[in-house]
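Biologist: I have a structure open and I'd like to learn how to read its features. Could you walk me through it?

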Amino acid sequence: MKSFFNKQHQKLIADPLGDQNPITIQVLGICSALAITTQLENALVMTLAVIFVMTSASSIISLLRNHVPNRIRIIVQLLVVASLVALVDQILKAFLPDASEQLSVFIGLIITNCIIMGRLEAFAMGNKLYESFLDALGNAFGYGWILVAVAFVRELFGSGKLMGYDIPGFSYLYQMGYMNNNLMILPPMALVVVGVIIWIQRSRNTDLVEEN
Amino acid sequence: MDKESNLYTFTFAILMVLIVGTALALTSELLQPKKKQNAADKKMIDILSAIGVNVSRSEAESMFNKYITDQTVINNDGQIVDGTAFDIDVLFQHRDKTLTDEEKKYPFFTAMKDNQKYIIVPMAGNGLWGPVWGFVALEDDYETIHGAAFDHKAETPGLGAEINTDFFELPFKGKKIRNNDGEFVSIEVKKGGAEEGNMSQVDGITGGTITSDGVSDMLYNTLKIYNNYFSSVTIQNDSTTITSYNNIKENEILF
């Protein structure tokens, strides 16, 4: 009998966090990673939203996988993802109105996040509930930690804050002539920060480097 | 039943849509009161920020009731008409092209802060990428600006989007919407910077000219209408001052 959390299960969670990371290796879901990472708080809310949508969608699709007619499977996946996103949007509007305002269209755009559809089609359609759930969780965290890392750097150097709070030592730095880097707030710097993460990752694990 | 048959496919699709549709409609309906409350709280926060009172969401309603003493609605000509000022969405009105100026309603709020009376005027206009809006608080001379709070939907970050920051809003304080002769001039958001000593200009945003002009136009178009009402009130106020002054004089003579 298989154990509840065996080697294979660990791999499902661990791979997307590192060597199979959806953002840095598969380069999926980049658009939202660039747009909402100016503040740590937004990145965290977005991560939670994506974790919820991905795990629920994967579980639902995995349960339905033997009943979904092949010809309309993509539409069914889209329907499930879209309704979960609409649900998240409603809940945020009602309970976290400020975050919902900041994230505005990007919550709606979770629907188009390639990671979700990618995992549904590639994994949940052919695997059991528990495995699909773990796979979704792993990929959502893989997406989330990059988001949080990028947002940490951008908010720290772009606004001199973290989670919207001032950082104690920064007032001395300002007196010494330090200035926030406004470029950090603009989308291109998100690309550069993601680029640096990809660079670090590939220099540590040269197997990831493509031979050309 | 054959999983790939047309009948199965159709039944499956219809069932899915029905389930999902019902679920979403239910959630939306259930959360409706909460969302309405959030929108109202946000509006109260914005109104209060125009007189420099910053409150959190949880205390928005109590602080609004504390500071806002009166709500008035006027028409295009500056006459007071019936209506609840808080319920009028000026942004919605601004974008509704079927409404004529005569049909539009213009709300304003009277606030008391530190025993000073302020008039808070909501406004809406066009920026570069989408609507801009704001609240301007006037002192009880109906011409000096006490504070302004602007916001926007989609202006360029770092450029036009800066209209909701202090560096743009603070210079409005103390500016006058009438010139020395008492004529209405509004406040101009001036490209290249306000002229030295000009009481009716503030600095525009470099690189955000269209947004700055949008704010200028919004201020002019809105305040022009409110000024119709303000001038009628100011004239009354002036005459009361004169009579009381006369009264004092008479008293002095009596002594």
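Biologist: Let's start where the two chains meet: which residue forms a salt bridge with B:Arg57?

Modeller: Side chains of opposite charge can pair when their charged atoms come close. Keep in mind that this is a predicted model. Here the partner of B:Arg57 is A:Asp98, and the closest N and O atoms are 3.0 Å apart.

Biologist: Where do B:Arg57 and A:Asp98 lie?

Modeller: B:Arg57 is in the loop between α1 (6–50) and α2 (60–67) of chain B, while A:Asp98 belongs to helix α5 of chain A, so the pair joins two chains.

Biologist: And is each one buried or exposed? I'd start with B:Arg57.

Modeller: B:Arg57 has 17% relative accessibility, so it counts as buried, the cut-off being under 20%. A:Asp98 has 44% and counts as partly exposed.

Biologist: How many salt bridges are there between chain A and chain B?

Modeller: One between chain A and chain B, while the structure holds seven over all chains. Polar contacts add to the picture: eight residue pairs across the interface of chain A and chain B are in polar contact, both residues being at pLDDT 80 or more.

Biologist: Which helices of chain A supply at least two residues each to the side that touches chain B?

Modeller: Those are α4 (73–95) and α5 (97–103) of chain A. The largest share of that side, 11 residues, comes from α4(A). By class, the side of chain A that touches chain B has 14 nonpolar residues, with five polar and five charged.

Biologist: How do I put a size on the interface?

Modeller: The size of an interface is often given as the accessible area lost when the parts come together. For chain A and chain B the buried area is about 1,900 Å², with 67% of it on carbon and sulfur atoms. In terms of residues, 24 of chain A are in contact with 21 of chain B.

Biologist: Can we zoom in on one residue there? Which residues is A:Gln90 in contact with, leaving aside its neighbours within four places in sequence?

Modeller: B:Ser28, B:Leu31 and B:Lys35. The side chains of A:Gln90 and B:Lys35 are joined by a polar contact of 2.5 Å. A:Gln90 sits in helix α4 of chain A, and at 17% relative accessibility it counts as buried.

Biologist: What about pairs within one helix?

Modeller: An α-helix has 3.6 residues a turn, so residues three or four places apart point the same way. Take A:Lys93 and A:Asp89: both are in helix α4 of chain A, four residues apart, about one turn of the helix. They form a salt bridge, with the closest N and O atoms 3.3 Å apart. A:Lys93 is partly exposed, with a relative accessible area of 36%.

Biologist: And a salt bridge that links two helices of chain A? Which residue does A:Asp135 pair with?

Modeller: A:Arg119, at 3.0 Å from N to O. This pair links distant parts of the chain, 16 residues apart: A:Asp135 is in helix α8 of chain A and A:Arg119 in helix α7 (residues 114–122). Both A:Asp135 and A:Arg119 are buried.

Biologist: Since α8 came up, how far apart are its end C-alpha atoms?

Modeller: They are 43 Å apart. At 1.5 Å a residue, the 31 residues of helix α8 (residues 129–159) of chain A should span 45 Å, so the two values agree. Just after α8(A), A:Gly160 takes a positive phi of about 70°.

Biologist: Now zoom out. How many helices and strands does chain A have?

Modeller: Chain A has 10 helices and two strands, running α-α-α-α-α-α-α-α-β-β-α-α from the N terminus on. Its C-alpha atoms fill a box of roughly 65 × 45 × 35 Å along the principal axes. Of the 212 residues in chain A, 46% are buried. Contacts between residues at least 6 apart in sequence are worth a look too: in chain A, 76% of them join residues at least 24 apart.

Biologist: One last stop, in chain B. Where does B:Ser231 lie?

Modeller: B:Ser231 is in helix α5 (residues 209–254) of chain B, and it is partly exposed, with a relative accessible area of 27%. A polar atom of its side chain lies 2.5 Å from the backbone oxygen of B:Asn227. The C-alpha atoms of B:Ser231 and B:Glu143 are separated by 9.5 Å, with their positions 88 residues apart along the chain.

Key:
Residues are numbered from 1 along each chain as its sequence is written. Chains are lettered from A and ligands numbered from 1 in the order in which they are written. Side-chain values use heavy atoms; hydrogens and water are left out. The expected span of a helix is 1.5 Å times one less than its number of residues. Contact means heavy atoms within 4.5 Å. Buried area is the accessible area (1.4 Å probe) that two parts lose on being put together, summed over both. A salt bridge is a side-chain nitrogen of Lys or Arg within 4 Å of a carboxyl oxygen of Asp or Glu. A polar contact is a pair of N or O atoms within 3.5 Å; within protein, one must be able to donate a hydrogen and the other to accept it, and residues adjacent in sequence count only if both atoms are side-chain atoms. Ala, Val, Leu, Ile, Met, Phe, Trp, Tyr, Cys and Pro count as nonpolar, Asp, Glu, Lys and Arg as charged, and the others, Gly among them, as polar. Buried means under 20% relative accessible area, exposed over 50%, partly exposed in between (1.4 Å probe, protein chains only).
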